[in-house]
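Reader: I'm new to reading protein models. Could you walk me through this one, a bit at a time?

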Amino acid sequence: MITRQRLAAGAFALLAALTAGLGAAGPASADDDTPAQPSPKVELVLDVSGSMRARDIDGKSRMAAAKQAFNEVLDATPDEVQLGIRTLGANYHGDDRKTGCKDTELLYPVAELDRAGRTDAKTAVATLAPTGWTPIGPTLLKAADDLKDDNTERSRRIVLISDGEDTCQPLDPCEVARKIAAEGIHLTVDTLGLVPDAKTRDQLSCIAEATGGTYTSVRHTDELSGRVKQLVDRAADPVAAPVPAEGAAQCSDAPQLKAGVYTDREKFGEHRWYRVDVKPGQELRASVSVGADRAVNQDYGVLLRASTAHGREIVRGSEAGDGRTDVISTGLRYPKPEDDEEEGKDGSEPAAETVCLQVSNSFSAPSSVKTTPGLPVELAVDLVDAPDEASDVASFGLGHGWWLLGVLILTGFVAGLVWGWVSRWRFAVWRTN
């Protein structure tokens, strides 16, 4: 039990180190002189329908909680973010469905916020009062148009805050979100449900999943403001977009990867290979996550294995699951020491070593579940300076398991000898007395 806890702690520390290292790596094979990214665009979309009058968030109305959160977010929005506000259901009081489903307004245009702009945006939000329908689908279409421009590299994000289902079917908000995602304009929709019921939660989750966004259930004002701030900050500092990479059935045919984040699909129980060149004095850090995007059987695992081009295993990382999580991850490290002798032969740099990365899974599924396409795989690769001191755990090759096993055997043997000698001495003293 103690050993399992120590191994778990070590794995946690390894993944934390990988995350920190990969965060600094940036996009795949990015150079230091890469031009600055265009400023991101964010549009906050607020539901102002009649149901926002309900007083069930910290003793005040949902509308009041949203206004307070918006004021805090506007104060904290980074200067480089272009931010706008759009409402749905804020103006039409009547019962005509056709008119109510057109009730969406750009309250504040998408632009960088200076001091005057923040004040104007707060003033506009303060005038809102819960009024009409909930046209989520039409509003998403309008919000996507607000964020479009000619810069295809710009990060775009819609943050939708609502407390109810769309009331303008048959224009399904999920289909609208899928259409937006298919346009390829780097637009993500994050959704927040205010005190949501099951139907609202399902619809908002579907919208977020269709565009690679997130869904959050909110029941307190501080949760709402904190989450919106987090999403706006995420737009200002976007995560590197994964690059598609199709793994091969054997290392010799595998794609050559550089530092970056890659995405692939892997069938149930399949092995996929990738290659990375590691120079002397570098450390390879790699992690992999496999998502169960459909119903799977319990008891599964994922393996990330590094080996030489000749098939000798260098190090491996593995993790097992029992059905309680939709994503399972593992990682590994491989430091390659400097080769001073080889470098001194002709003055040229030492040759890099080709490391083969094998990604395997043991997922299985009921016969009624489709096995195609394969499970989504995200592989993160980073190359950093290797540790200078040989005392580093990875430099000893403890990842192989053999060094650790040998140390444990030797320690147990010595401890057994000492304990036996002490026991015999105590027994002899007892007989003498």
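**A small cavity, two helices and a buried serine**Author: To start, this is a predicted model. In it, helix 2 and helix 8 (221-236) each supply at least two residues of the lining of the largest cavity.

Reader: Okay, which helix gives the largest share of that lining?

Author: The lining is made up of V73, A76, T77, P78, K229, V232 and D233. Helix 8 covers 221-236. The largest share, three residues, comes from helix 8.

Reader: How many of the lining residues are nonpolar?

Author: Let's sort the lining by class. Two of its residues are charged and one is polar. The nonpolar count is four.

Reader: And how much space lies in the largest cavity?

Author: The count of cavities of 30 Å³ or more comes to one. The space in the largest cavity is about 30 Å³.

Reader: Helix 2 came up already. At what angle do the axes of helix 2 and helix 4 cross?

Author: Helix 2 runs over residues 62-76 and helix 4 over residues 115-126. Their axes come within 10 Å of each other. They cross at roughly 175°.

Reader: So what does that make helix 2 relative to helix 4?

Author: Angles over 145 degrees count as roughly antiparallel. The crossing here is roughly 175°, which makes helix 2, relative to helix 4, roughly antiparallel.

Reader: Which residues in helix 4 do the helix 2 residues meet?

Author: By class, this contact has five nonpolar, one polar and four charged residues. On the helix 2 side you'll find K67, F70, N71, L74 and D75. The helix 4 residues they meet are R118, A121, K122, V125 and A126.

Reader: Let's look somewhere else. Is S307 buried or exposed?

Author: S307 has its place in strand 12 (residues 300-308). Buried means under 20% relative accessible area. Because its relative accessibility is 1%, S307 counts as buried.

Reader: Which residues is S307 in contact with, leaving aside its neighbours within four places in sequence?

Author: Contact here means heavy atoms within 4.5 Å. With those sequence neighbours left out, the contacts of S307 are W273, R312, E313, I314, T354, V355 and C356.

Reader: Zooming out, what percentage of the residues in the chain is buried?

Author: The secondary structure of the chain comes to ten helices and 16 strands. There are 433 residues in the chain, and the buried ones make up 42%.

Reader: Last one: of the contacts with a separation of 6 or more, what share comes from residues 24 or more positions apart?

Author: Here we look just at contacts in the chain with a separation of 6 or more. Residues 24 or more positions apart account for 76%.

Note on methods:
Residues are numbered from 1 along each chain as its sequence is written. This is a predicted model: local features need pLDDT of at least 70, side-chain atom pairs count only at pLDDT 80 or more; totals for chains, interfaces and linings use all residues. Side-chain values use heavy atoms; hydrogens and water are left out. Axes are lines fitted to C-alpha atoms, for helices over the stretch in contact, and angles run from 0 to 180 degrees between N-to-C directions. Angles under 35 degrees count as roughly parallel, over 145 as roughly antiparallel, 65 to 115 as roughly perpendicular and the rest as oblique. Ala, Val, Leu, Ile, Met, Phe, Trp, Tyr, Cys and Pro count as nonpolar, Asp, Glu, Lys and Arg as charged, and the others, Gly among them, as polar. On a 1 Å grid over the protein atoms alone, a cavity is a set of points where a 1.4 Å probe fits but cannot get out, and a pocket is an open set with protein on both sides within 12 Å along at least five of seven lines; lining residues have an atom within 4 Å of a point. Grid points are joined across faces, edges and corners, and a volume is the space filled by probe spheres set on the points. Buried means under 20% relative accessible area, exposed over 50%, partly exposed in between (1.4 Å probe, protein chains only).
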